[in-house]
Amino acid sequence: MIATAVAVAFVVFSCKGKLGEAEVLNIEEAPVQTVDDMFIVQTENGKIQMRAEAPLMERYERDTLSFELFPRGFFVYGYTDDEKLETEIVADNARHLKYKDGRESWEAFGNVVVRNLIKQEVMETDTLYWDQKNEKIYTHCYVRMYSPDGFMQGYGMESDQRARNSIIYNPFNSYGILEQDEEVLIDSVNFIGPIQKK
């Protein structure tokens, strides 16, 4: 009986000395769902329209909204009606907000690159928004655009969601070179020309 009491006391004492306090966990700040190697495909009538990939997705719930974070990168691929890859959007981070009143918004930020592979255009910016309801992408940030026709930069951009018809607002320091027959014209207003990305 004495040996059993000594053994129990020894176990309790030795365990008590090694246990520390657990870290305080704030449930409201923890994700309600995490997904590794997320892969989504959107189709219509059996044809692929869009594909999205992310190494990590974290979903959070709040009183007025729920949102998904993509802290390790986000990749979106858009396809034409005949299922050819047309658009690529790549970003370091992304966020998808869903409000309780039904509104939604998508934001990509950190080294955002938008490529239209058919038009061979590349846009680079820091932040990009996707208006899913109106099927457009836009930003108010600094934008660079490279195309076979030249180089363009400015603040603010708007386009359809496939990046087919991009408009850069407030352009600056842009120029182009036009060669027509034997004549060379420098066009500092419309900035079209053969300046290629390095």
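**Group meeting talk: a tour from M123 outwards**

I start with one residue, M123, which is buried, because its relative accessible area is 5% and the cut-off for buried is under 20%. Keep in mind that this is a predicted model.

Where does M123 sit? Its place is in strand β8. Now look at who touches M123. Leave aside the neighbours within four places in sequence. Then M123 is in contact with V112, V113 and V114. It also contacts V143, R144 and M145. M157, A163 and S166 complete that list. One distance to note here: the C-alpha atoms of M123 and F151 are separated by 10.0 Å. Those two residues are 28 residues apart along the chain.

Next, step back to the whole chain. How many helices and strands does the chain have? One helix and 13 strands. Read along the sequence, the helix comes first and the strands follow. The chain has 198 residues, and 35% of them count as buried. Now take the contacts with a separation of 6 or more. Residues 24 or more positions apart account for 35% of those. As for the surface, the chain exposes about 13,400 Å². Carbon and sulfur atoms supply 53% of that area.

On to the core. The largest nonpolar core holds 24 residues. Which of them touch the most other members? They are F70, F74, V112, V114, M123, L128 and M157. So our starting residue, M123, is on that list. Several strands each supply at least two residues of this core. They are β2, β4, β5, β7, β8, β9 and β10. In numbers, β2 is 47–61, β4 is 74–79 and β5 is 85–91. Then β7 is 104–116, β8 is 121–131, β9 is 136–147 and β10 is 150–160.

M157 deserves a stop of its own. Again, skip the neighbours within four places in sequence. M157 is in contact with M123 and L128. It also contacts I137, Y138, T139 and V143. Further along the chain come I167, I168 and Y169.

Now the aromatic rings. A search of the whole structure finds eight aromatic pairs. Take F70 and F74. Their ring centres are 4.5 Å apart and their planes are at 45°, so this pair is tilted. F70 and F74 are both buried. How do we describe such pairs? We use the distance of the centres and the angle of the planes.

Compare F70 with W106. Here the centres are 6.1 Å apart and the planes are at 20°, so the pair is stacked. This pair links distant parts of the chain. F70 is in strand β3, W106 is in strand β7, and they are 36 residues apart. Both F70 and W106 are buried. Put these rings together with one more, and you get a cluster. F70, F74, W106 and W130 form one aromatic cluster.

Two other rings have a charge over them. The charged end of R51 sits over the ring of Y77, 4.1 Å from its centre. K136 lies over the face of Y138, at 5.7 Å from the ring centre.

Back to β3, the strand that holds F70. Why is β3 described as largely enclosed by the rest of the structure? Because five of its six residues are buried. What are its partners? β2 and β3 pair in the antiparallel sense over four bridges. A hairpin joins β2 to β3 through three residues. In this pairing, Y60 stands opposite F67 in β3. β3 also runs antiparallel to strand β6, residues 93–99, and six bridges join them. There, E68 stands opposite H96 in β6.

Last stop: two backbone oddities. N111 has a positive phi of about 50°, although it is not a glycine. A163 has a positive phi too, about 60°, and it is not a glycine either. Are these two buried or exposed? N111 is exposed, because its relative accessible area is 55%. A163 counts as buried, because its relative accessibility is 2%. Their places are easy to find. N111 lies in strand β7. A163 is in the loop between β10 and β11. And A163 brings us back to the start, as one of the contacts of M123.

Methods:
Residues numbered from 1 in each chain as written. Predicted model: local features only at pLDDT ≥ 70, side-chain atom pairs only at ≥ 80, totals over all residues. Heavy atoms only, no water. Core = buried A, V, L, I, M, F, W, Y, C linked by side-chain atoms within 4.5 Å. Buried < 20%, exposed > 50% of the residue type's maximum accessible area, 1.4 Å probe, protein only. Contact = heavy atoms within 4.5 Å. Phe/Tyr/Trp six-rings, centres within 6.5 Å; stacked < 30°, edge-to-face > 60°. Lys NZ or Arg CZ within 6 Å of the ring centre and 35° of its normal. Areas by Shrake-Rupley, 256 points an atom, 1.4 Å probe, with all protein chains shown as cover. Pairing = 2+ DSSP bridges.
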